[in-house]
Protein chains: 2
Amino acid sequence: MTEMRVAVEPVAGGITAPRGFRAAGVACGLKPAGLDLALLACDEPASAAGIFTTNRAVAAPVLVSRAQLAQSGGRARAIVINSKCANACTGEAGLSAAREMVTATAEAVGCDPRLVLVASTGVIGMRLDVPKVARGIAEAAGRLAPGGHEAAAEAIMTTDRAPKERAVRVATPAGTFSIGGMVKGAGMIEPLMATMLGFLTTDATVDPAVLRRALVDAADDTFNAITVDGESSTNDSVFLLAGGASGVAIDGALYPVFVGALRGLCADLAKDIVRGGEGATRLVEVRVAGAQSASDARRAARLIANSLLVKTALHGGDPNWGRLVAVAGRAGVAFDEARARVRIGPAELFADATVFDEREADAAAHLQGPEVEVAVDLGTGGSGAATVWTCDLSAEYVRINADYRT
Amino acid sequence: MTEMRVAVEPVAGGITAPRGFRAAGVACGLKPAGLDLALLACDEPASAAGIFTTNRAVAAPVLVSRAQLAQSGGRARAIVINSKCANACTGEAGLSAAREMVTATAEAVGCDPRLVLVASTGVIGMRLDVPKVARGIAEAAGRLAPGGHEAAAEAIMTTDRAPKERAVRVATPAGTFSIGGMVKGAGMIEPLMATMLGFLTTDATVDPAVLRRALVDAADDTFNAITVDGESSTNDSVFLLAGGASGVAIDGALYPVFVGALRGLCADLAKDIVRGGEGATRLVEVRVAGAQSASDARRAARLIANSLLVKTALHGGDPNWGRLVAVAGRAGVAFDEARARVRIGPAELFADATVFDEREADAAAHLQGPEVEVAVDLGTGGSGAATVWTCDLSAEYVRINADYRT
């Protein structure tokens, strides 16, 4: 493969930064106040890919969107999204409601109902108020515009503290295309707000099968490498639409460029979710190396990232390296305490069974920052490595999740 | 097997309730103030069994006690325990320190050093101050007495709010014997206090192999069925000594009686640990049924018991049944949402895809009590079931674990 000159730069515009996409966000009355219904439409039928929760309790919109993508062979014109109500654990009535969202969107946008995808986030077990949503869909269709990305990003929020959207422009010898995205993050309350929804757009031309492969590839080290509290919801979904308005076709040579830019955008959006985690005050990068395999490393990194003792110590700014050793030891993967190493920021605190107390002040200073790093070498001599992002655990998290409905 | 008339009644005296045992607790100076060294001795060589942490980072006292039990074929005269320092991640020096505790105890008690077991709990990575401990051992040996159980139970505490000890007397046609126990619980700070230590005694006569089987049997549904925060430490140990002073030999007919009484005592001590969990305000019994196997049920129950969203909702007294469904769905075991059932206390809130909002007030009232129950039927029609005990998660837990060293 020959070298290719590529420039990737951040741009404004979120999901409507790529040409050919329009969006809107409206208040349809599911929330007591604020935007709660988003619509995303592509001017032409787009290639479409989706990845969904692995939870065996699956919300109705996930079931419907999965079926739609299978039936259309990976094509879509529009995505409709509501917040406040997850439409999960709602039985047959919930499936009908999700299908009615599809029908109403197809009518409002003027497209084949087989080309509409749907996502919901909010309270499990709550019935969706379909008339309210249908009125919102009609209103949103009338407001679809290239400038509608901000309202859409706001309408999908639950306990998110701010909208989360990003976009990049990718310049290649074959032409310039863009990728945009918006996500909603780690609010999970009343009783369980869907962990994450993500919506990605591009004006590149991508075959549906290639698009799906790119989304899976990009999500693996990004959306699937973050955790706020170890929960996975009934509604997790990430969609990617490729409309083709840029005229740039993603062929074999451009695929690595496309995936690289997509992965970078997903990584930034994924970290935005963690930064916005309930009660979070720090973004934590957990690096595990020296594992016998990449999956061993991922497993240990996830356990560390979900450990209450690690997360509370990081919240307190306490370089408690012993907690990292203890979690690595219970991860169920090969671990050699005698050759293990633990580093917090710049300071290696434990290596080859020796404790370096004198470096603890450096580690403590590092932990005062908003973005911190902890690293564990499992000591097996293997080359398996993984990185996971998480946030600290504060008393605020407990307050949010204990007291929300009282 | 013929019916046997058996009476099991709670008695005072903790680990020295069984005849032939003496104990002491002293302050040797590891803690700034308070008792920090415990000694337990049997008048005669006792059968001994131990179960230990499954963490691959294993503290020195665990390695030494395991080796002692293997070498002695399950015999012991004494156990020495220190708090404040876990003697974990301390390399060869830590092993030497644990062995010196054994030697000093054998000298002070006047027994074969092969018959001494050792346990530690406290800070990982801290070197044990052996001279202080050795002086403490000499002092404790001089104070060994049948009334020493209270001081011993206090000396093994870390962040425990109160000592935890219990004993039962078991009357059988073959004679009367006792079982006693003390535990230290779920304090895990600075940086990681060993999750739990347990010390059990009986004056029944039990063969070492039978004793080990009884301990494993009894611990499985008790000490191995509790969780405060999903962490397992480098130092977890439970020991059981059988001295034989009652003259009652545990034969085939008495074995079920012995295990039954032992399991009951372990269950009460295990629940004491959960009640005393850091920041805990409620004891929570998590029951899972309708699983395809007992191990599936145990797995789902543990995930529910460790879920931050479940634990925070229980802290807030919020009957968020949707969180139970979502965790059961991500447990990686067979789960049928359409036939699943969720109950909180007396109120079934979700069954056969139907939500019973009108029962929520009953569930909320149940959650105001100090001991609560949540139950999930996974809906597979299988007979697998399991019970796990946990506590709620409060902001106090975060404060304890974030701010301890600051």
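Start by selecting A:L309, A:V310, A:A313, A:L314, A:D318, A:P319, A:N320, A:W321, A:R323, A:L324, A:I344 and A:V374, the residues that line the largest cavity. Keep in mind as you look around that this is a predicted model.

**Stop 1: the largest cavity**

With those residues shown, you are looking at the walls around about 60 Å³ of space. Now color helix 8 (308–315) and helix 9 (321–329) of chain A, since each of them supplies at least two residues of this lining. Which helix gives the largest share of the lining? Helix 8 of chain A does, with four residues. If you color by residue class, the lining of the largest cavity shows nine nonpolar, one polar and two charged residues.

**Stop 2: the second largest cavity**

How many cavities of 30 Å³ or more does a search of the whole structure find? There are two, and the next one to visit has a volume of about 50 Å³. Move to chain B and select B:V310, B:A313, B:L314, B:D318, B:P319, B:N320, B:R323, B:L324, B:I344 and B:V374, which line the second largest cavity. Helix 8 (308–315) and helix 9 (321–329) of chain B each bring at least two residues to this lining. Helix 8 of chain B has the largest share, three residues. Coloring by class here gives seven nonpolar, one polar and two charged residues.

**Stop 3: helices 8 and 9 of chain B**

Stay in chain B and show helix 8 and helix 9 as ribbons. Their axes come within 9 Å and cross at roughly 160°. Because of that angle, helix 8 of chain B counts as roughly antiparallel to helix 9 of chain B. Is this crossing left-handed or right-handed? The crossing of these two helices of chain B is left-handed. To see where they touch, select B:L309, B:V310, B:T312 and B:A313 on helix 8 of chain B, together with B:R323, B:L324 and B:V327 on helix 9 of chain B. The residues of this contact divide into five nonpolar, one polar and one charged.

**Stop 4: helices 1 and 2 of chain B**

Next, select residues 60–72 of chain B for helix 1 and residues 91–109 of chain B for helix 2. This pair packs at an angle of about 55°, with the axes 8 Å apart. That angle is why helix 1 of chain B is described as oblique to helix 2 of chain B. Helix 1 of chain B passes helix 2 of chain B in a right-handed crossing. Turn on side chains for B:A60, B:P61, B:L63, B:V64 and B:Q68 of helix 1 of chain B, then for B:G94, B:L95, B:A98, B:R99 and B:V102 of helix 2 of chain B, and you have the residues that make the contact. By class, they are seven nonpolar, two polar and one charged.

**Stop 5: helices 2 and 3 of chain A**

For the last stop, return to chain A and select helix 2 (residues 91–109) and helix 3 (residues 130–143). What angle do they pack at? The angle is about 25°, and the axes are 9 Å apart. Helix 2 of chain A is therefore roughly parallel to helix 3 of chain A. The crossing of helix 2 of chain A and helix 3 of chain A is right-handed. From helix 2 of chain A, pick A:A97, A:E100, A:M101, A:A104, A:T105, A:A108 and A:V109; they meet A:V130, A:V133, A:A134, A:I137, A:A138 and A:A141 of helix 3 of chain A. Color this contact by class and you will find 11 nonpolar residues, one polar and one charged.

Conventions:
Residues numbered from 1 in each chain as written. Chains lettered and ligands numbered in written order. Predicted model: local features only at pLDDT ≥ 70, side-chain atom pairs only at ≥ 80, totals over all residues. Heavy atoms only, no water. 1 Å grid on protein atoms, 1.4 Å probe; cavity = no way out; pocket = protein on both sides within 12 Å on 5 of 7 lines; lining within 4 Å. Points joined across faces, edges and corners; volume = space filled by probe spheres on them. Nonpolar A, V, L, I, M, F, W, Y, C, P; charged D, E, K, R; others polar. Axes fitted to C-alpha atoms, helices over the stretch in contact; angles between N-to-C directions. Parallel < 35°, antiparallel > 145°, perpendicular 65-115°, else oblique. Left-handed = near helix turned anticlockwise from the far one by under 90°. Contact = heavy atoms within 4.5 Å.
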